[in-house]
Every structure is written in C-alpha cells, then in structure tokens.
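Thank you all for coming. I would like to walk through one structure with you, starting with its charged pairs and then moving on to the place where its chains meet.

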Amino acid sequence: MNPTLETRPKSQAIEVLLAHLEPVIQISSPNFWLNYSVYLVTTVRQEGSNITSYRLKACNRFRKLHFTPGQHVCLAVEINGRRLERTFSISSSHQALQKHGYIELSVKTQNDGKVTPWLSENIKPGHKVHLRNVSGEFTYHTSDEEQLFLAAGSGLTPILSMLESRQTTELKKLTLLYYVQSKTTAPFIDRLEKLAGEGLSLKIIETQISGRLTREQLKQHANLTKARAAYVCGPAGFIATSQTILKDTIKPERIHFEFFGLSTPKTNDELGYAVEVSNSSGKQSRLTSTGGTLLDELEESGLKPLYGCRAGICHQCTATKLSGRVQNILTNEVSENGTEQIQLCLCKAVSDTSLLITEREA
Amino acid sequence: MNPNDNTTYTTKPSSETLDKFAAELDALKRRTFAKVGTKDARYIRRLIAFQRGLDITSRIVIALGLLAFSGSTAFVIACIGTLGLASAKILDNMEIGHNVMHGQYDWMNDPYINSRKFDWDIAADSNSWKRYHNHEHHTYTNVIGKDRDFGYGLLRLSDDIPWKRKNLWQLLTYLNLSFLFEWGVAYHELAGERIFFGKRRAESSLPISRNALRTAFFKKAGRQIFKDYILFPLLFWPVALPVLICNIAANIIRNLWTSSIIFCGHFTEGAHTFSEADIKNESKGGWYYRQILGSSNIEGSKFFHVMSGHLSCQIEHHLFPDIPAPHYREMKSHVRAICKTHGIPYNTGRFSKQYFEVVKRVLSYSLPNNQSDPVPMREI
C-alpha cells in the first residue's frame, strides 16, 4: 500500500508551520487544504438508478496521481462547516489517467447517509473536491492462468477499473460474474459489454430471476476447477458465501476480496462489534464491543486510553474514529461511517469500528 | 434587574427545581448546537488568519519603527506595534486557543483546528493546561481542595482555606501573579504534582510520567523564550534590545489582561465555593447550579467579549464549555431568564465593578477569619 496521493513527505516543522498559516493561505486560495489535492469535477454522469460517476482532473498538474486499479481514495467535502471524508473506489482505468489525465469515482447514493446524497445533489461540473490517500490492497495480480471476478451491484467499481486496465490478450483468460437486481437498471452494462467484445467472459446474473449466489449457480456459470485466483467485491454476506464456495478449489491466499457498502447499525448486538484500535505509536489491538462506552471497553481490554472527567465535559478522551458508526449515549445520535473526532466516554459502537487513540504513558 | 441577584439568595433549590432547571438548560444547549455550522467554521478560520496577520505585522512594525525612525516617533510606533502584538497574543490565547482546546470546534473535523492538535502562543504546554483546566477546573469548579484554580495555591479567597502569615501580603502576590500569569499557567500542574519542590502527592491522576511532564514544560517554555526573546530580537539585530523590550512588554500586557478577566470570572465577591461533600451524588441540575454560583459575567461590547475569549460570559462557558463561544452572547439572556424563573442567582456586572470586587476579596481574606462577609460563601 502506497499513499501516493499524499504530497511529498514534509518535515514535521514545515507541517506545523503550514498548519499554523493554513487559514491565512485560505484567504487567497480557499481550496488550499494542507495534505489534500484539489480536483476539478469535469463530468457528472448518472449510472443506473442510484450510482453517480464523477470525472475528476487534478488542478495542480505538477502533482501527479498514481494508483493501482482496484484501489480507493478518500474524498473530502465540507458540509455545513464539517469536513466529512468518505472512501470511494476508483472506477476508471489506468489508461484513462495516462492518456486523458482523469480518474472517475462512482458513488452509490446511501439514502440515510450524510455525504453521498449531498454529493449527488450538490456536486456539479466545475466544482472542486479534495482527495487524499490513495490506498487499498484489493489490486490485480498479473497471471497467465484463468482468474475469476465476482461483483455484486456497486461492488463492480474496483473490478471495472482492473478489467479496463488489462490488455486484450489478458482479458481472454478472465471471467466476470456480475450480480445485479435487474439488467435494465444495472449500471456499467455498456462498458462491460465492450469488454466482453474484447474477450472477457461475462455473465450478468439477475438476482430478481435467478436468486442470490449459490454453489450450483456459480458452477453453472464459471469453470471453478480452472480458475487459479478470484476477486470478490460486494456486501459482507456476498463475500462470505463466495469464500465458502471458492475455497474448495482456490487457495485462500488467492481469494482477494473487498467489503463494500455502508456498515449499518445492527439491531441485534448480542454478538458485539469488532473494534480495531491503534495507538499513536502504531500498536494494534482488537476487542469486541458489547454495548458499553468505548472508554470503559478499551480499559477492560487492558488498554490505557487518556481520559479526564468521564462525563463528556473535558474532551481529554477525544480519539479519532477512522471508520464505523458510534452512538452518543447522551443524545442517542448515531454517527456516520467516516473519519471523525469522538469522545470515547460518550460513545458506544453500533457497528464494527476502527479507532486511533492516545494512551496514557504512566 | 439587580446585577447582584445572589445577595438575596441563600438556600439550595429543591431537587425538583434543579431537575426542571437542568431540563431547560439542556434544551437551550440543543437549540444552540443545532445552529452551529458553516458560520462558526468561517468565523474561527478568519479569526485565526487575522490573528496570524496581526502577529507578524506587529512584529514588523516594531522593528521597522525602531530601525527607520528615532526619538519619540520610534517610541510611538514601537508602542503601537507592542499593543498589536499583545492583542494578537490575547486573541490567540483566549478567543482562539482556549476555545479550540476546549473542543468547541472539534465538530469541524479539521485536522489542525481541534482540541488535540492546536497549540498556543504562551509559555504553558497545551496538553498540561488541558488536563487540569478542562478536567479539574471545569468539573470541580470552585470546590476547595479539588479545583486548584481557586486561588492557584497562592491566594486565600475563602475562609475554608486556613490563614497563613503569607496571606497578609497576598495583594502583592496577586499583582505578581498577574504580571507573570503565563508562567503561573505553565507551572500550575507541576506545582500540583510537586515536580520540583515539596512532598510528592500520595495519589496522582497524572496520565504521563513525571519526567514527561517536566520535559514538556521545559520544551514549551524554551520554545517560547527562544521565539520571543532570542529569535525575533536577533532577526532585527541592530535594534535587538528594544525589540526584546517590546516583546517582554507585549507578553506582560497579555498576562495582565488574561489574569484580570479570569479573576473576574471566579473570584468576585459573590462567587461561591463548595466542599467535596457538596458534590457527592450531584445531579445534572446540581452541577449546573454550582457552575452558575461559582462564576460571574462581565458586561461589554462584542469587541470586549471577543478580546476576552468570551470568558466575559463565564457563566455560559461553565454551563456549556464545548459550545462555540460566540454563541454565548446570544445564550446569555436565555440563561439569565431561566435562572430568574427558578430563583437562582446570576452574577453579572461591568468590568470595573467586578475587578474592584476581586481586589476587595483578595484584600479581605488577607486577614484571618473574615467575619464581615456580605454573602454566605458556602452552600449547605
């Protein structure tokens, strides 16, 4: 993983100085956000019923973007004064960037979300957005052997980028099974059919008619014994089912997958949520959250997060939530999925969550 | 309305009254939070930009004035520059630093303008200040033995504190503290933890090692001394000495202003103190009530409120420490009205009046067991 969109690594002193002066620089260039790159929206396109593609070109042509097809990028916007960040897969090919200098992000509108409905309503050609941190391990590994791709709905986006970046000779060895509700409303069909014309073996499976993924169905559409590697992208359930079926014939380390979609608060929290914690020195740990405040649960698991009043007044226990949704126990407000500062003493996890905390030193 | 409503009030309201009182304040808090947004983000960014500009312009004005002119012209220009630099420091410490470090702007998700990252132009290490100020002082406001901000371990401002001989000249101690206020703020936590002098505390909630506390103190203090007293004077070498004097003067002006505002917030005649027994099983309403009794406001213009970091709305700040401070101005009248309906005192007045009361209080507790208290100092 290589965060290639980051600007050149700055020394800490320069970063501190720039952060100190950022509001001054913003008076003449309001789009200057330290450590973000500014992108111009050139085209906005509706794909199917609820996916919008944004074509973006870098405003600073000296700052080259690099990405490996399959990777994602953080898109940040300011909504009512709040900077909100979401991670989206790049859906355009490597060649599109090389030859034409653009990338595309295809965003599924989550109706109960804060960011995606705002994007589809507010972002028009000519607007500027901020990107940072291209990352992701879900990338294509070149191979002479047959490879299988499984995509469900908007989970196609990283796979589309991988496939469109391949040469025709390579495409002939690849099979894509694309699960959609119905072909008429499904996005990206024209682009996939073009790839099929170049040699990709394409099966579009309409879940309305054929139902969800099963072993028999998979066997019927793909030659499982020949495939040496698989790439799966879709909702959690889709990934779990595919893994169970695929691991009979494909080595587990060759089943690449990426979870897609908004993690939703579950009503049944008996099993708890997985909380991944890293501290400022990079130490990682995991725990299961079962409904207590994150501060209590981190302490129970043996961590020593910084805290003060334990009542939401002093902000000593403020930590960075990298992903996941949490609920404020005083206001019952449920957060969004993206990166945010949260008070550990006031929050409980309502989905799997990833945190960056500061620990006590003594 | 009589600004000293509290003189007429002595007994603690019933728990039902306090519950109703808390519900009304909570509702006001929710209504205000709903209004927080783009305007506040723009305000704080613009203010920071203005402050940065004022800081550097003032430093240049001081140096150019001294380099290009002589005699009284140079003196006047240097004075103007010094006032500008002092104002920049006041804005940085109060309306920006104090409020950002309270978490008032954490909702913006800005990677730098937040309570964890922001650092201020003052000798005190921001992490140390956040520990004792946000936690100790704001949770245990004016609780004797818990809130070390009450008299800063130097002044006797209540009969709950045993009288010592040194209290006789505590007005001088107070003036000293005012002049050197930033060092008092910087040394506060180290004094409490007895890092250099005194017997080590048996119990300490210090989340870092004593060594780390000492290192952070020297690091921040060293950086401030280097910046104001070495780097900038040397940058303008031929006038290094007068530049140094201007920088010292700017820091002193800032110290006098900040300490005066802060003392008016908690040590006026009517500001109550509490014992640890008072806060056992305290309800939300009880906490709100204690914050109001322990704080006092200063009346003034919008400019005055901004220059005091809205600590002139000390009562609102103590009730809602993480609401962006400019909203305190509009909340004031609502809080006062809520207090009035429940018969709870609300201490407010002009700066001169409040400051006079502070000096009076410092003086009156210089002597042992002051019996002439105009107000009962303890709530039972």
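Let me begin with the term I will lean on throughout: a salt bridge here is a side-chain nitrogen of Lys or Arg within 4 Å of a carboxyl oxygen of Asp or Glu. Please keep in mind that what you see is a predicted model.

With that cut-off, the side chains of R286(A) and E276(A) qualify, since N and O are 3.3 Å apart, and the pair is therefore counted as a salt bridge. The two residues come from distant parts of the chain, with R286(A) in strand β13, residues 284-289, and E276(A) in strand β12, residues 273-279, so that 10 residues separate them. As for their surroundings, R286(A) is exposed, at 58% relative accessibility, while E276(A) is partly exposed, at 34%.

Now, which residue forms a salt bridge with R45(A)? The partner is E104(A), and the closest N and O atoms of this pair are 2.9 Å apart. Because R45(A) sits in strand β1, residues 37-47, and E104(A) in strand β5, the bridge ties together parts of chain A that lie 59 residues apart in sequence. R45(A) is partly exposed, with a relative accessibility of 29%, whereas E104(A) is buried, with a value of 2%.

In chain B, R290(B) is paired with E282(B), their closest N and O atoms being 2.7 Å apart. Here the arginine, R290(B), is buried, at 3% relative accessible area, and E282(B) is partly exposed, at 25%. Returning to chain A, salt bridges that share partners join R45(A), E47(A), R55(A), E104(A), E164(A) and R191(A) into one network. Over all chains, the search of the whole structure finds 40 salt bridges.

Let me turn to the interface. Chain A brings 37 residues to the contact and chain B brings 35. The area buried between the two chains is about 2900 Å², and carbon and sulfur atoms give 51% of that area. Within what chain A buries against chain B, R83(A), I313(A) and H315(A) supply 20%, which is more than any other three residues.

How many salt bridges are counted between chain A and chain B? The count is 2, and one pair that meets in a salt bridge joins E78(A) to R45(B), at 3.4 Å from N to O. For polar contacts, the rule finds 17 residue pairs across the interface of chain A and chain B, with both residues at pLDDT 80 or more. On the side of chain A that touches chain B, the elements that give two or more residues are α1 (12-28), β4 (82-89), β14 (318-323) and β16 (340-343). Of these, α1(A) gives the most, with 9 residues. Sorted by class, that side of chain A has 14 nonpolar, 15 polar and 8 charged residues.

Next, the cysteines. By the rule applied, there are 0 disulfides over all chains. C59(A) is in no disulfide, and the nearest cysteine sulfur to its own, that of C74(A), is 18 Å away. Why is C74(A) in turn without a bond to another cysteine? The closest cysteine sulfur to that of C74(A) belongs to C233(A) and is 16 Å away, which is too far for a bond. The two residues also differ in exposure class, in that C59(A) is partly exposed, at 40% relative accessibility, and C74(A) is buried, with a relative accessible area of 10%.

Two further places deserve a moment, and the former is a helix of chain A. In α3(A), residues 115-122, the buried residues are V115(A), T116(A), P117(A) and L119(A). What covers these buried residues of α3(A) includes the strands β2 (51-58), β3 (72-79), β4 and β5 (102-108) of chain A.

The other place is in chain B, where N347(B) lies in the loop between α12 (326-341) and β2 (348-349). Is N347(B) buried or exposed? N347(B) is buried, with a relative accessible area of 3%, and its side chain makes a polar contact with the side chain of Q354(B), at 3.3 Å.

I will stop there and take your questions.

Definitions and conventions: Residues numbered from 1 in each chain as written. Chains lettered and ligands numbered in written order. Predicted model: local features only at pLDDT ≥ 70, side-chain atom pairs only at ≥ 80, totals over all residues. Heavy atoms only, no water. Contact = heavy atoms within 4.5 Å. Buried area = accessible area lost by both parts, 1.4 Å probe. Polar contact = N/O pair within 3.5 Å; in protein donor to acceptor, adjacent residues only side chain to side chain. Helix = DSSP H or I, 4+ residues; strand = E, 2+ residues; numbered from the N terminus. Nonpolar A, V, L, I, M, F, W, Y, C, P; charged D, E, K, R; others polar. Disulfide = S-S within 2.5 Å. Buried < 20%, exposed > 50% of the residue type's maximum accessible area, 1.4 Å probe, protein only.
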